[in-house]
Amino acid sequence: MDWGLAISSHPKPYSVTTGGNLWRSKHTTKNIYFASSWISKASRHKRETQIEHNVLRFQQPSLDHHYKCIGGGSTYQECNRKFVVKAISKQPLGFEAHASNPKNILDSVKNVLSAFYWFSYPYTMIGITLCAFSSSLLAVEKLSDISLSFLIGVLQGVLPQLFIEIYLCGVNQLYDLEIDKINKPHLPMASGQFSFKTGVIISAAFLALSFGFTWITGSWPLICNLVVIASSWTAYSIDVPLLRWKRYPFVAAMCMISTWALALPISYFHHMQTVVLKRPIGFPRSLGFLVAFMTFYSLGLALSKDIPDVEGDKEHGIDSFAVRLGQKRAFWICVSFFEMAFGVGILAGASCSHFWTKIFTGMGNAVLASILWYQAKSVDLSDKASTGSFYMFIWKLLYAGFFLMALIR
């Protein structure tokens, strides 16, 4: 019902002013005053309801408002008209239900875990774990050495290194935020899934966990390993005077070698040798082969990791080998380093005293070298997806190489 029609249908309040009609005129004025009051309240309520609707505009309206006139008769005296605002609930307010829905909670958890997965560079964490097992197995002299204490010793080395790796990934993404928006837009920091503050909190938390856990173990090889890796890769990433070593190709390559060829295998071996198995410090031939293998392989990794990122590195002044030498030249140099690493593996296998170990490790490294060469010829250097896929492929070859190098005796 239209409010204007309701008012205009009443007698005008000052049309009659004498006799008994005077009382009726005043009474009519009073009733119209109350009706106007109801109209004002209803209009105000409608405006407030509209504001609430706008705040929750992303949901379907939960209330339908109906203005209902209840009455009977044809004249004002016979009918006291009452205007009622009636709210009919179609469905409960959806915000709380949406937040507490188990499916939505599960989806949120999955999204966070997926973002954290990409935040932590899982391929390097797998490599660290396999490097720890491979290096620790080199300290095994008899089958009885592989026991519960051996497994605990491996975990003592792996867990803090995984924690420090998450810290280093966080620091790198915090300082490479603008570069990653070009080179790696899928990363959680670059895509906006994680805020800058969230990245800082995660990085600081895992740095504290890493050093705290290592300090509890009391293993000097692991403590030295953590100090070397944390300091070198922090200097690699942070943008302060004399640091940000990723701008200098030779220094960046030294960071890769110092980590994968020296700090990781040597510290894991001596942690198992001296702390877990309680044997004197040493540097056996098998460890020397692993260090040589990882020296060449880490050089290849240092060159190949920047090949897919040339565009962003050029724009932000990162003078990597791929930028300086060109993608094609840098690519084939890194392939040569990988082949040299597998050549070391073949020599290591040939030096083994056990016949079947000699055959298995020698042939295994030869097969890996052949697969690498075949795959390298099919890479399209102009396609960022192709070069990125090749980079992940060489990590998988490294995983296989760790298994083979663990057999060297």
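## Helix α15, salt bridges and two unusual loop residues

Helix α15 buries Ala330, Phe331, Cys334, Val335, Phe337, Phe338, Ala341, Phe342, Val344, Gly345, Ala348 and Gly349. The model described here is predicted. An α-helix has 3.6 residues a turn, so residues three or four places apart point the same way. The cover over the buried residues of α15 includes α12 (285-304), α14 (321-325), α16 (355-376) and α17 (384-405). Helix α15 itself runs over residues 327-350, 24 residues in total. From its first C-alpha to its last, α15 reaches 35 Å, close to the 34 Å expected at 1.5 Å a residue.

Salt bridges come next. The count in this model comes to nine salt bridges, and the table gives three of them.

| Pair | Closest N to O distance |
|---|---|
| Arg244 and Asp176 | 2.8 Å |
| Asp306 and Lys305 | 3.2 Å |
| Arg279 and Glu141 | 3.8 Å |

The side chains of Arg279 and Glu141 meet in a salt bridge. Arg279 belongs to the loop between α11 and α12, and Glu141 to the loop between α5 and α6 (148-175), so this pair ties together parts that are 138 residues apart in sequence. Arg279 is buried, with a relative accessible area of 16%, whereas Glu141 is exposed at 61%.

Arg244 forms a salt bridge with Asp176. Arg244 lies in the loop between α10 and α11, while Asp176 lies in the loop between α6 and α7 (177-183); the pair therefore ties together parts that are 68 residues apart in sequence. Both partners are buried: Arg244 has a relative accessible area of 5%, and Asp176 has one of 3%.

In the pair of Asp306 and Lys305, whose side chains also meet in a salt bridge, Asp306 is buried with a relative accessible area of 14%, and Lys305 counts as buried at 15%. Elsewhere, salt bridges that share partners join Glu141, Lys142, Asp145 and Arg279 into one network.

Two loop residues deserve separate mention for their backbone angles. Most residues other than glycine have a negative phi. Tyr121, however, has a positive phi, near 50 degrees. Tyr121 is placed in the loop between α4 (102-119) and α5 (122-137), and it counts as buried because its relative accessibility is 13%, under the 20% limit. Leu242 likewise has a positive phi, near 75 degrees. Leu242 is found in the loop between α10 (220-237) and α11 (249-276), and this residue is exposed, with a relative accessible area of 78%.

How values were computed
Residues numbered from 1 in each chain as written. Predicted model: local features only at pLDDT ≥ 70, side-chain atom pairs only at ≥ 80, totals over all residues. Heavy atoms only, no water. Helix = DSSP H or I, 4+ residues; strand = E, 2+ residues; numbered from the N terminus. Expected span 1.5 Å × (residues − 1). Buried < 20%, exposed > 50% of the residue type's maximum accessible area, 1.4 Å probe, protein only. Contact = heavy atoms within 4.5 Å. Salt bridge = Lys/Arg side-chain N within 4 Å of Asp/Glu carboxyl O.
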